[in-house]
Amino acid sequence: MKKNYSNIRKFTVFVLSAFTLLSCNNFEEINTNPDDTTSVSASLLATNVILRVTKFAGRDGKSLIADNALPKYVGYANEGQMDQQYNKIGSSDFGGMTILPNIEKMIEYAEGSVMEDSYRGLGAYAKAYTFFRLTMEMGDIPYSEAGKGAQGVYKVKYDTQESVLKGILDELQAADQYFAKGRTFEGDPTPYKGDPVKWRKAVNSFALKVLMTIGKKESVGGINVKSRFAEIVSAGNILDGSTGFLGLEYSSQNKHPLSGTNDLFTSRTVISSLLIDNLKKLNDRRIYYFAEPAGAQIAAGKTKSDLEAYVGVDVEIEYAVMNSGHSNNLYSLLNKRYLQEEATEPLRIVSHAEQQLILAEAVLKGWISGDAKSYYESGVKSALADIMKVNKNYAQDMPIDQAYIDGYFTGEAAFKTTLQEQLQQIWMQRYILQFMQDAETSFFEYRRNGYPVFPINAATSLNENNKNGLPMRWLYPGSETTYNRENLIEALNRQYDGYDEINKIMWILK
């Protein structure tokens with residue numbers, strides 16, 4: 001959701017430590033009236049914390065396209081070859097860790113107030129979410145010493161991925177308990193509006209996602225993955241159909257990253273054949289909300305409501321060939337709503353739809369009891385209902401309505417009979433769900449289960465050390481070699497035979 005793929009990062013552990021010191025000094029200058037500004041300061045910081053973990057953090061609309069290119073949702077034409085489309089990525093960054101001083105000060109200002117437990121729950125969740133993304137990108141990362149510049153820790157050690165993940169699961173468990181005791185809190189820009197009951201459900205739903213993502217491991221830091229998953233489900237404090245989603249609704253103040261870009265990116269963004277062809281197989285009307293009909297097909301007499309008018313591109317073909325096809329209107333482009341609507345569908349970080357699909361997989365794997373088919377259908381219905389709320393003017397005369405949703409599960413969409421086919425159906429629905437939402441999750445899922453099968457062409461791949469494969473991780477921030485070299489080398493030796501390389505396999509995938 002947020003990559004700047006340059007190899008030199010402006011955020012370093014050194015800068016993070018300095019930031020912590022500066023932040024603490026600045027926060028002390030805020031009004032300190034014990035009667036009212038404590039609450040106000042906590043709420044202002046809460047808004048900042050929530051936006052940091054719910055808002056798209058890329059530089060511009062092209063960053064969003066790049067995010068979607070890596071897991072093969074889209075191709076990008078006629079402006080310059082996009083590395084991610086051809087399996088090349090660079091370094092990540094530790095910039096997300098700059099959230100830590102805000103979390104600490106938010107909790108400090110909330111101490112003694114009726115909202116303290118809720119703010120502590122928010123802080124625990126935000127920390128868990130932030131570090132989960134970072135460790136899933138890179139492997140071992142600074143964790144236990146991160147953000148401790150005020151204590152004089154400037155060159156922080158890298159914790160093992162296992163210990164980081166244990167810490168994340170502990171934070172999520174703590175967040176559950178804080179929200180269980182919490183009161184409605186101020187400063188929440190999400191649809192939950194500070195409701196601790198809804199936040200608690202979202203926290204536990206996210207915990208299920210984390211546990212499924214790391215499910216190759218039987219235990220993490222002494223935590224039994226399957227048992228923890230089952231405990232959360234049994235407790236019942238997870239999302240239901242009425243809880244909605246945790247995320248951010250776009251508005252005229254907080255516009256969708258692609259809106260108002262003068263067609264700079266949307267006119268060059270071609271939908272992949274992987275996505276288009278699978279939507280066609282499912283007779284899935286989300287195709288009409290995701291894509292525009294190919295111009296050549298309309299010129300040949302097809303209507304915009306005809307499935308055959310939608311043609312995807314093999315995103316691994318030669319760049320020049322794709323450009324030629326794009327210039328000749330052979331392919332479907334990104335739906336115009338992303339350009340023309342300031343507030344198209346919200347950004348959903350945690351959703352009921354994804355949770356239900358995760359529960360369906362858990363049943364098939366024997367983690368919990370239940371009916372996998374019911375969970376599968378519930379998840380898909382929830383996903384379709386979310387798209388049904390999108391402006392129907394962009395549905396190509398084929399809107400999703402309740403009758404369509406009720407009749408969806410026929411043909412390829414009907415729940416299969418063999419275990420492998422059922423799992424692949426669930427994984428495909430999770431893949432479709434994350435289009436223009438959380439493409440990084442789809443990358444993580446591909447690493448975990450290898451499905452859907454991504455097109456990879458050794459002749460065009462930019463993955464120099466593995467022409468027949470997708471990269472497995474981002475590199476560490478380049479500035480770490482200057483400011484934290486000793487700890488970086490130790491982490492590389494421990495995990496990757498001393499090499500910071502995109503095809504190295506992190507602990508959680510072994």
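Which helices and which strand each supply at least two residues of the lining of the largest cavity? In this predicted model, the elements in question are helix 10 (286–290), strand 6 (347–351), helix 15 (372–388) and helix 17 (419–433). Strand 6 gives the most to that lining, contributing four residues.

The cavity that these elements help to enclose has a volume of about 150 Å³, and it is the largest of the five cavities of 30 Å³ or more that the structure holds. Its lining consists of 16 residues, and those closest to the centre of the cavity are Glu345, Arg348, Leu433, Gln434 and Gln437. Taken by class, the lining of this largest cavity is made up of eight nonpolar residues, together with five charged and three polar ones.

The second largest cavity has a volume of about 60 Å³, and its lining is formed by Trp427, Arg430, Tyr431, Thr441, Ser442, Glu445, Tyr446, Tyr451, Pro452 and Phe454. Here the elements that give two or more residues are helix 17 and helix 18 (439–449), with helix 18 providing the largest share, four residues. Helix 17 is thus named for both cavities, since it supplies at least two residues to the lining of the largest cavity and two or more to that of the second largest. By class, the lining of the second largest cavity divides into six nonpolar, two polar and two charged residues.

Two residues of this second lining, Arg430 and Glu445, lead on to the salt bridges, as both belong to a network in which they are linked with Arg133, Lys209, Glu354, Glu361, Lys365, Asp438, Glu440 and Arg448. For the structure as a whole, the count comes to 32 salt bridges, and three pairs may be followed individually.

In the first of these pairs to be considered, Glu316 forms a salt bridge with Lys72, and the closest N and O atoms are 2.6 Å apart. The two residues belong to distant parts of the chain, 244 residues apart, with Glu316 in the loop between helix 11 (295–299) and helix 12 (319–327) and Lys72 in the loop between helix 3 (61–69) and strand 1 (74–76). Both Glu316 and Lys72 are buried.

A further pair is Glu79 and Arg268, whose closest N and O atoms lie 3.9 Å apart, a separation that still counts as a salt bridge because the rule asks for a side-chain nitrogen within 4 Å of a carboxyl oxygen. Glu79 is found in the loop between strand 1 and helix 4 (100–110), while Arg268 is in the loop between strand 4 (245–248) and strand 5 (269–271), so that the pair links parts of the chain 189 residues apart. Glu79 is partly exposed, with a relative accessible area of 37%, and Arg268 is likewise partly exposed, at 21%.

The remaining pair joins the side chains of Asp140 and Arg494, which meet in a salt bridge with an N to O distance of 2.9 Å. Because Asp140 lies in the loop between helix 5 (116–138) and helix 6 (161–181), whereas Arg494 lies in helix 20 (residues 485–496), the pair ties together parts that are 354 residues apart in sequence. Is Asp140 buried or exposed? Asp140 counts as buried, because its relative accessibility is 4% and the cut-off for a buried residue is under 20%. Its partner Arg494, by contrast, is partly exposed, with a relative accessible area of 37%.

Technical notes. Residues are numbered from 1 along each chain as its sequence is written. This is a predicted model: local features need pLDDT of at least 70, side-chain atom pairs count only at pLDDT 80 or more; totals for chains, interfaces and linings use all residues. Side-chain values use heavy atoms; hydrogens and water are left out. On a 1 Å grid over the protein atoms alone, a cavity is a set of points where a 1.4 Å probe fits but cannot get out, and a pocket is an open set with protein on both sides within 12 Å along at least five of seven lines; lining residues have an atom within 4 Å of a point. Grid points are joined across faces, edges and corners, and a volume is the space filled by probe spheres set on the points. Ala, Val, Leu, Ile, Met, Phe, Trp, Tyr, Cys and Pro count as nonpolar, Asp, Glu, Lys and Arg as charged, and the others, Gly among them, as polar. Buried means under 20% relative accessible area, exposed over 50%, partly exposed in between (1.4 Å probe, protein chains only).
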